Amino acid sequence: MRGVATNMSTVLIDSPSINPKYACFKLSIRQSRIHRRGVYAEEAIPAGRKVIEYTGERISRRETKRRGDGDITYLFTLDAYWTVDGAFGGSGAEIINHSCQPNLRSCVIRGHILYISTRAIRRGEELTVDYRFGKDIGPVPCHCGARDCGGTINLT
C-alpha cells in the first residue's frame, strides 16, 4: 500500500504507483517538467482508447470541502454528490498533470472515471488532461508550457 503523508493543509502521496488492474497500457511515474511527478506512456497508445481508470475513495461533498483545502489534492468530482479522492486507493491516474493541450479526456461512465486518449500518444510522452477547474475556485496558475496555455487551470 502506498504511503500517504498528511498535515493540516496537504495530502501527499509518498510513493505513487500505477495499479495495472486499472491501466490498459504500460505506464510509469517519473519527474515532470509540468509539476512534481507525472505519468508517462511506456508504449504507444492509439487515439480513442481507454488508458486508465481514475480510482480512489468515494467521499461526500462535505468531506470534499474539508479535504479540498490543501495545497495538493487528488480530488475528482464524480457527480453532484460524490467525489473520488485518489490519495486513498488511487490507480496512479491521480498523478496525471493538467495541460491546456491535453492528450487525454475524462469521461464518466456508470460511476467510473475513465481517461481516454484524444490522439495517438508516443512512447515516453507525458499523459495530460484538462482539469477544467470551475470559475468558483480561485485562479490556479498553469505551468503546462503549451503554445496556447491559458495561464490558469480554471475554465475561462
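Biologist: Is Arg 110 buried or exposed?

Modeller: The model is predicted: local features need pLDDT of at least 70, side-chain atom pairs count only at pLDDT 80 or more, and totals for chains, interfaces and linings use all residues. Residues are numbered from 1 along each chain as its sequence is written, and side-chain values use heavy atoms, with hydrogens and water left out. Buried means under 20% relative accessible area, exposed means over 50%, and partly exposed lies in between (1.4 Å probe, protein chains only). With a relative accessible area of 79%, Arg 110 is therefore exposed.

Biologist: Where does Arg 110 lie?

Modeller: Arg 110 is not a glycine, although its phi is positive, at about 45 degrees. Strands are DSSP runs of E with at least two residues, numbered from the N terminus. By this numbering, Arg 110 is placed in the loop between β10 (104-109) and β11 (112-117).

Biologist: What is the phi value of Arg 132?

Modeller: Arg 132 belongs to the segment after β12 (128-129). Its relative accessibility is 53%, so Arg 132 counts as exposed. Although Arg 132 is a residue other than glycine, its phi is positive, near 55 degrees.

Biologist: In the hairpin of β3 and β4, which residue takes a positive phi?

Modeller: Strands pair if DSSP finds at least two bridges between them; β3 (residues 27-31) and β4 (residues 37-41) do so in the antiparallel sense over 5 bridges. Within this pairing, Leu 27 faces Ala 41 of β4. The hairpin has 5 residues between the strands, and the positive phi, near 45 degrees, belongs to Arg 36.

Biologist: Which residue lies over the face of Tyr 40?

Modeller: A charge sits over a ring if NZ of Lys or CZ of Arg is within 6 Å of the ring centre and within 35 degrees of the ring normal. Over the face of Tyr 40, at 4.1 Å from the ring centre, lies Arg 30.

Biologist: Why is one side of β6 and of β7 left without a neighbour in the sheet?

Modeller: The open sheet has 3 strands in the order β6-β8-β7, with antiparallel pairing. One side of β6 (57-59) and of β7 (75-77) is left without a neighbour because these strands stand at the edges, each with a single partner strand.

Biologist: Which residue of β8 is the bridge partner of Leu 75?

Modeller: β7 and β8 (residues 83-85) are paired in the antiparallel sense over 3 bridges. In β8, the partner of Leu 75 is Asp 85.

Biologist: Which side chain makes a polar contact of 2.9 Å with the side chain of Thr 83?

Modeller: Thr 83 is part of strand β8 and is buried, at a relative accessible area of 1%. A polar contact is a pair of N or O atoms within 3.5 Å; within protein, one must be able to donate a hydrogen and the other to accept it, and residues adjacent in sequence count only if both atoms are side-chain atoms. One such contact joins the side chains of Thr 83 and Arg 61 at 2.8 Å. The partner at 2.9 Å is the side chain of Thr 64.

Biologist: How many residues apart are Phe 76 and Tyr 115?

Modeller: Rings of Phe, Tyr and Trp (its six-membered ring) pair if their centres lie within 6.5 Å; planes under 30 degrees apart count as stacked, over 60 as edge-to-face and the rest as tilted. Among the 5 aromatic pairs of the structure, that of Phe 76 and Tyr 115 is tilted, with 6.4 Å centre to centre and 55 degrees between the planes. The pair links distant parts of the chain, strand β7 for Phe 76 and strand β11 for Tyr 115, which are 39 residues apart.

Biologist: Which residue forms one aromatic cluster with Phe 76 and Tyr 115?

Modeller: Both Phe 76 and Tyr 115 are buried. The residue that joins them in one aromatic cluster is Tyr 54.

Biologist: Which backbone nitrogen does the side chain of His 98 reach?

Modeller: His 98 is located in strand β9 (residues 97-98) and, at 5% relative accessibility, counts as buried. Contact means heavy atoms within 4.5 Å; not counting residues up to four places away in sequence, His 98 touches several residues, including Cys 142, Cys 144 and Tyr 131. At 3.0 Å, its side chain reaches the backbone nitrogen of Tyr 131.

Conventions: Helix = DSSP H or I, 4+ residues; strand = E, 2+ residues; numbered from the N terminus.
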